Amino acid sequence: MSFLRRLTRSFGIGGAVTLAVLVLATTGVLADAPRPWEMGMQAAATPVAERQHALHDELLVIITLISVFVLALMLYAIVRFNERRNPTPSRTSHNTVIEVLWTVVPVLILVIIAIPSFKLLYFQDRTANAEMTIKVTGRQWYWSYEYPDNDNITFDSNIVQESDLKPGQLRLLDVDNRLVVPVDTNVRVLVAGSDVMHSFFVPSLGVQIYAVIGRLNETWFNIRQPGVYRGECNQICGVNHAFMPIVVEAVSKDDFKRWVEDAKKKFAHNGTPAPAAVQVAQSGGPAAAAAPQ
């Protein structure tokens, strides 16, 4: 409180609030998860996110220049053509030069925006050099992960309930089983839905892709450094939409190999058929008829 008082005396209330927001924004923007009073985007952890941030900064410059230019025109018109200075208004209704300019200049601006936009769209769409694949399935209201390249490890990832949170865990942003991946690896992500539409969204990785029933969407990421990166389903998918966090843990390649061996044991039961299905298959019922020969 004494710090706030000194800040208020030095800069005034408005200055103190502005400075506090800027400080909080600066500290929050370097986080792997949302923080109170955060402004701007989370720090980029992948090449895709870095390019997204670069395009964002470029668009911010363009938008700022357009806004300043339009404001300057408005102020000029207000001062130069007000009623006192122009009691008899001009009846000019056509100016070829101005009409050409206000057609050509916006087209040029759109071209300047379109070129890096399309480059980014194609870059983030998919990778031709995937080193591993992960299958993500959105469900009401949790995520299922599969590792086809690692003996088809399969497990569900559910939110940690508020009553079960441990010290250091984040409310609404922690899960019981994290999606673990190695760093410096091109990871292909195949995303599908099992019931309604969901969205796999992890800001620091530059990933947002819809999980749609009957459709397999593809994206990718390559995380540069170890860490924990959090996201959420940001497609309204039902009453528990707010309780579908995503936690991606990036580890070294050696640590990932050790995790794979542990995960094979931990989630071994996830790949076995349910007892009822086994009984039907053994009895020659519908499950047996549908099984591949």
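**Close-up views of the predicted model**

**View 1. Lys264 and its helix α4 partner.** Lys264 counts as partly exposed, with 28% relative accessibility. Everything in this and the following views comes from a predicted model. Which residue does the side chain of Lys264 meet in a salt bridge? Look for Glu261: the N to O distance between the two side chains is 3.6 Å. Both residues sit in helix α4, which runs over residues 253–266. Lys264 and Glu261 are three residues apart, or about one turn of that helix. Glu261 is also partly exposed, at 43% relative accessibility.

**View 2. A salt-bridge network around Asp174.** Four residues are joined here into one network by salt bridges that share partners: Asp174, Arg178, Arg230 and Glu249. One of the links pairs Asp174 with Arg178, whose closest N and O atoms are 3.8 Å apart. Is Asp174 buried or exposed? Asp174 has just 1% relative accessibility, and because the cut-off for buried is under 20%, Asp174 counts as buried. Arg178, in contrast, is partly exposed, with a relative accessible area of 27%. In the whole structure there are 10 salt bridges.

**View 3. The pair Arg171 and Glu162.** This close-up shows another salt bridge, made by Arg171 and Glu162. Their closest N and O atoms lie 3.3 Å apart. Arg171 comes out as partly exposed, at 49% relative accessibility. Glu162 has a relative accessible area of 54% and is therefore on the exposed side of the cut-off. As a general point, side chains of opposite charge can pair when their charged atoms come close.

**View 4. Two buried cysteines, Cys233 and Cys237, without a disulfide.** How many disulfides does the structure hold? The count is zero. Cys233 is in no disulfide, and its nearest cysteine sulfur, that of Cys237, is 3.9 Å away. Turn to Cys237 and the story is mirrored: Cys237 is in no disulfide either, with the sulfur of Cys233 as the nearest one at 3.9 Å. Why is the pair not counted? A disulfide needs cysteine sulfur atoms within 2.5 Å, which means that 3.9 Å is outside the cut-off. Both residues are tucked away: Cys233 is buried at 4% relative accessibility, and Cys237 is buried at 5%.

**View 5. Phe200 in the largest nonpolar core.** The largest nonpolar core has 37 residues. Which of its members touch the most others? They are Tyr145, Tyr147, Phe200, Leu205 and Ile223. Leaving out residues up to four places away in sequence, Phe200 touches Val136, Trp143, Tyr145, Leu179, Val189, Val191, Val207, Gln208, Ile209 and Ile246. In soluble globular proteins, nonpolar side chains tend to be buried together.

**View 6. A nonpolar surface patch that includes Leu71.** On the surface, Ile66, Phe69, Val70, Leu71, Leu73, Met74, Leu75, Ile78 and Val79 make up a nonpolar patch. Taken together, these residues have about 840 Å² of accessible area. Leu71 belongs to helix α2, which covers residues 47–80. With 47% relative accessibility, Leu71 counts as partly exposed.

**View 7. Loops on either side of strand β2.** Between β1 (132–139) and β2 (142–147), the loop holds Trp141. The peptide bond that joins Gln140 and Trp141 is cis, with omega at about -5 degrees. Now move to the loop between β2 and β3 (153–157), where Asp151 is found. Asn152 has its place in the loop between β2 and β3 as well. Asp151 has a positive phi, near 55 degrees, though it is not a glycine. For Asn152, also a residue other than glycine, phi is near 55 degrees too. Asp151 is exposed, at 58% relative accessibility, while Asn152 is partly exposed, at 43%.

**View 8. Asn186 and its neighbourhood.** Asn186 is in the loop between β4 (179–182) and β5 (187–193). Its relative accessible area is 15%, so Asn186 counts as buried. What does Asn186 contact, beyond its neighbours within four places in sequence? The partners are Thr127, Asn129, Ala130, Glu131, Met132, Trp220, Phe221 and Asn222.

**View 9. The whole protein chain, for orientation.** The chain has six helices and 10 strands. Of its 293 residues, 31% are buried. About 18600 Å² is exposed, and carbon and sulfur atoms supply 61% of that area. Among contacts between residues at least 6 apart in sequence, 62% join residues at least 24 apart.

Technical notes
Residues numbered from 1 in each chain as written. Predicted model: local features only at pLDDT ≥ 70, side-chain atom pairs only at ≥ 80, totals over all residues. Heavy atoms only, no water. Helix = DSSP H or I, 4+ residues; strand = E, 2+ residues; numbered from the N terminus. Buried < 20%, exposed > 50% of the residue type's maximum accessible area, 1.4 Å probe, protein only. Contact = heavy atoms within 4.5 Å. Areas by Shrake-Rupley, 256 points an atom, 1.4 Å probe, with all protein chains shown as cover. Patch = residues over 30% accessible without salt bridge, like charges linked within 9 Å, V, L, I, M, F, W, Y side chains within 5 Å. Core = buried A, V, L, I, M, F, W, Y, C linked by side-chain atoms within 4.5 Å.
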